[in-house]
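Trainee: I would like to understand how the names we give to parts of a structure follow from their definitions. Could we go through one example together, slowly?

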Amino acid sequence: MPSKYVIHTETVPRRFQPLIQSGIIAWEEGCLKCPVCVKTKCVYGVYDHRGLDARQMVESIDNACMNCLRCVQGCPNELIHKSINPEFMAMGDEHWTPNIIASLWKQADSGKIPVSGAGYPGPFSGPGFDAIWTDMSEIVRPTRDGIHGREYISTAIDLGKTPSYLVFDPEGEKAWAKDFSPLLNIPLPIILRIPEFGAISEKTISGWAEAAKRLGTLFSLSTEMSAKIPEGYGPWLLPSISADVEALEELPSGCRMVELCLDDDWHETMKRRGEKSFAQACPTVLISAKVSMAGAMEEKALQLVEAGIPIIHLEGNFRGRGFDDPEKFLKDGIRSVHLKLVEAGIRDNVTLLASGGISMAEHVAKAIICGADGVFMDFPMLIAMECRMCRRCEKGLSCPRLRGEVGRAMFFEQLDKETFEGMGTVEEECELE
Ligand code: SF4
Ligand code: SF4
């Protein structure tokens, strides 16, 4: 039995104090000067380390406060209040909620496996993955047995077409797989993927390639980006390529898997080129085909598998919804494609991967319950690096998490653009009414 798969982590100091949901307001005026103030009774001692983060102009106690409200309730003159932080509440959107972002920051801070379930205070149902209830308490009870508790669970998955049966020699001693095609085993059902947007430097991209290498998984990115990664990472890169066989010539050295980007004319292209031509040109490289979560995706996935494609990547939008139907969630898309392949009797011939909106650890398990073999993880990597999902970078505006790199300096051109760009052009000598 292989040894347990453990991800080794190291903590590094964060660059910014994270935004928090609420702050403490302590009015000094009118204070009774009690001999034993409620502030000295804070069990977390947050008032003892009171200070100001000058870069962000936030009270240090705001980040340390655990929201027990003991001091708020205990002040005899009602001079201590908790306030909701509007900047926190404005983060992200309805999918990448402020709480999900804050929870990812916390996990990135500690490098620890998220454990929850003891005294869950939230709602019991919601949209998307929140509509799936699971009970894994019989397998692992982290709150009782610790995270590396009782049962050994393999998280490894095979990418590619697993052989349907083995053929034995007449003596029944030797066996081999019929129609053998390349298989790739990764130790966890997660492939890293470059996020759709984000202020991301080349160094960060190389760092993610290194993470994929250390984890033993793959890092999905465009061919152009993969060309910028130093040599030696080819086996851990998963470049997206066009459906031209010539594109195989540009693959990083040692590359083991590629993703085909098929246009609307994909059926004709596949007929013309076919997986066969890829297989002949590069027999050791696994081919995956991306299918967008939109109308007729089940049919497209089926036809691709029948054409010999061993891996289907079902892609939802970055909020985990369909591209043509925002009411359709990734979980529904996975179930629908999975069941179509089961119905056709070819589900075992293909690996089904899913991406889009995977934001929490439980989403990985839930995507697998719905029928996926593995998932792509993208934005959580960016959020772990203090991204707030504000999407300013998409509009060419400055990224708040990078502002600290120039201290509290501001650049006129940038401010000018951010403030006045939306007003359109103003003609010379035009008078305002
Ligand atoms: S609310 Fe609780 S944790 Fe926060 S400062 Fe007051 S006593 Fe401390
Ligand atoms: S914090 Fe905002 S601007 Fe910066 S990478 Fe994230 S989404 Fe883009």
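Trainee: What makes the strands β9-β10-β11-β12-β13-β14-β15-β16 a barrel?

Mentor: In this predicted model, the 8 strands close into a barrel in that order, with parallel pairing; a strand is a DSSP run of E with at least two residues, whereas a helix is a run of H or I with at least four residues, and both are numbered from the N terminus. Neighbouring strands of this sheet are turned by 30° against each other on average, direction ignored.

Trainee: How do you know that strand β11 is joined to strand β12?

Mentor: Two strands pair if DSSP finds at least two bridges between them, and 2 bridges join β11 (residues 237–241) to β12 (residues 257–260), so the requirement is met. One partnership is that of Ser 240 with Glu 259 in β12.

Trainee: What is said of helix α10 and the sheet?

Mentor: Helix α10 (residues 297–306) packs on the sheet and touches β13 (286–292) and β14 (311–315), where contact means heavy atoms within 4.5 Å. Its direction makes about 165° with that of β13, on a scale that runs from 0 to 180 degrees between N-to-C directions, the axes being lines fitted to C-alpha atoms, for helices over the stretch in contact. Helix α11 (residues 330–343) lies across β14 and β15 (351–355), at about 165° to β15.

Trainee: Which residues of helix α12 are called buried, and what covers them?

Mentor: Buried means under 20% relative accessible area, exposed over 50%, and partly exposed in between, with a 1.4 Å probe and protein chains only. In α12 (residues 361–370), His 363, Val 364, Lys 366, Ala 367 and Cys 370 are buried, so each of them falls under 20%. Their cover includes β9 (190–193), α11 and β16 (374–377). Across the protein chain, buried residues make up 39% of the 433 residues.

Trainee: Which residues come nearest to ligand 2?

Mentor: Of the 13 residues around ligand 2, those are Cys 387, Cys 390, Arg 391, Cys 393 and Cys 399; a residue is near a molecule if one of its heavy atoms lies within 4 Å of it.

Trainee: What should I remember about the numbering and the model?

Mentor: Residues are numbered from 1 along each chain as its sequence is written, while chains are lettered from A and ligands numbered from 1 in the order in which they are written. Local features need pLDDT of at least 70 and side-chain atom pairs count only at pLDDT 80 or more, whereas totals for chains, interfaces and linings use all residues, and side-chain values use heavy atoms, with hydrogens and water left out.
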